[in-house]
Amino acid sequence: MIDKKDITGIILAGGKSSRMGTDKGFLMLNGKTFIQHSIDALNPLVSKIIIVSNNEDYNQFGAKRINDVFENSGPIAGIYSGLIQSETAYNLVLSCDIPLINSNVLKKLIDGIDNTSEVIQIESNGKTMPLIALYKNSCEHIFYELLQKGEKRLQYAVSQCKVKTITLDNKFDFLTTNVNTKEELKELKNAYNY
Ligand SMILES: Nc1nc2c(ncn2[C@@H]2O[C@H](COP(=O)(O)OP(=O)(O)OP(=O)(O)O)[C@@H](O)[C@H]2O)c(=O)[nH]1
């Protein structure tokens, strides 16, 4: 039986944010920052939360913030940076731009743990989502090798691990809505009356 003491939460909050123009973790939805939505979804399931970002403004959220080990190398580097700091076998990885995410969705990843899978990811709206996923620490060396080769495609990196995909029931697809632009944020607020 996997306990929360065996799981670290890793929130990716770095990157260029070129489409949004500002750090996505500080956007507000329903009176709460995006990063706080990620923290609140992870908290019941993990023993510790690590925020991966070079922005020191993320120090205020009561989680451990760490810098990216490789700069400008995208989410593979963000996950790798979190994995090398993690002291647990399992890691729930979440990007900071999915503000409707909740613990029930993340719990499905923990329920999917088996003896073989190194990555367990959500599929929602017909798309696999490696930034709503559980990673075993054994991915660390695979990601390191790929980063050395300059690989930036997270989907490719995940395909190099033993991966299992858990498909969300269609009625929960909205919970994985990803916000990349100001227009998408406006649409989300309109859709859910926030
Ligand atoms: N720590 C870390 N997180 C990253 C990095 N690149 C992207 N992310 C995070 O990964 C998630 C998805 O990022 P994207 O939307 O694909 O990329 P982005 O750089 O944030 O935005 P764009 O420049 O608009 O593509 C977000 O939560 C980002 O904060 C990185 O190099 N380091």
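In this predicted model, valine 163 belongs to strand 9, which covers residues 163-167. Valine 163 counts as partly exposed because its relative accessibility is 38%, a value that falls between the cut-offs of 20% for buried and 50% for exposed. Serine 18 lies 145 residues from valine 163 along the chain, and the C-alpha atoms of the two are separated by 30 Å. Serine 18 is itself among the closest residues to the ligand, which makes a convenient bridge to the binding site.

The ligand is surrounded by 19 residues, and the closest of these are Gly14, Ser18, Arg19, Lys24 and Asp68. By residue type, this shell divides into six nonpolar, eight polar and five charged members. Helix 2, residues 74-85, gives the most to the shell, with three residues. As for its location, the ligand sits in the largest pocket.

Several polar atoms of the protein can be placed relative to oxygen atoms of the ligand. A polar backbone atom of serine 17 is 3.2 Å from a ligand oxygen. For glycine 74, a polar backbone atom is 3.1 Å from an oxygen atom of the ligand. Asparagine 180 takes part through its side chain, where an N or O atom is 3.1 Å from a ligand oxygen. The ligand taken alone exposes 610 Å², and the protein buries 85% of that area.

The loop between strand 5 (64-66) and helix 2 holds asparagine 72, and serine 73 is also placed between strand 5 and helix 2. Asparagine 72 is exposed, because its relative accessibility of 56% is over the 50% cut-off. Serine 73, in contrast, is buried, because its relative accessible area of 14% is under 20%. Across the sequence, serine 73 and leucine 12 are 61 residues apart, and their C-alpha atoms are separated by 12 Å. The backbone of asparagine 72 also deserves a look: its phi is positive, at about 50 degrees, although this residue is not a glycine.

A positive phi is also found at asparagine 30, where the angle is about 55 degrees although the residue is not a glycine. Asparagine 30 is located in the loop between strand 2 (28-29) and strand 3 (32-33). With a relative accessible area of 53%, asparagine 30 is exposed. Its C-alpha atom is 9.6 Å from that of tyrosine 192, although the two residues are 162 positions apart in sequence.

Proline 44 offers another loop position, between helix 1 (34-42) and strand 4 (48-52). Proline 44 is partly exposed, because its relative accessible area of 47% lies between the 20% and 50% cut-offs. Lysine 4 is 40 residues from proline 44 in sequence, and the C-alpha atoms of these two residues are 8.0 Å apart in space.

Conventions. Residues are numbered from 1 along each chain as its sequence is written. This is a predicted model: local features need pLDDT of at least 70, side-chain atom pairs count only at pLDDT 80 or more; totals for chains, interfaces and linings use all residues. Side-chain values use heavy atoms; hydrogens and water are left out. A residue is near a molecule or strand if one of its heavy atoms lies within 4 Å of it. A polar contact is a pair of N or O atoms within 3.5 Å; within protein, one must be able to donate a hydrogen and the other to accept it, and residues adjacent in sequence count only if both atoms are side-chain atoms. Accessible areas come from the Shrake-Rupley method with a 1.4 Å probe; for residues, only the protein chains shown count as cover. On a 1 Å grid over the protein atoms alone, a cavity is a set of points where a 1.4 Å probe fits but cannot get out, and a pocket is an open set with protein on both sides within 12 Å along at least five of seven lines; lining residues have an atom within 4 Å of a point. A molecule sits in a cavity or pocket if more than half of its atoms lie within 2 Å of its grid points. Helices (H or I, at least four residues) and strands (E, at least two) are DSSP runs, numbered from the N terminus. Ala, Val, Leu, Ile, Met, Phe, Trp, Tyr, Cys and Pro count as nonpolar, Asp, Glu, Lys and Arg as charged, and the others, Gly among them, as polar. Buried means under 20% relative accessible area, exposed over 50%, partly exposed in between (1.4 Å probe, protein chains only).
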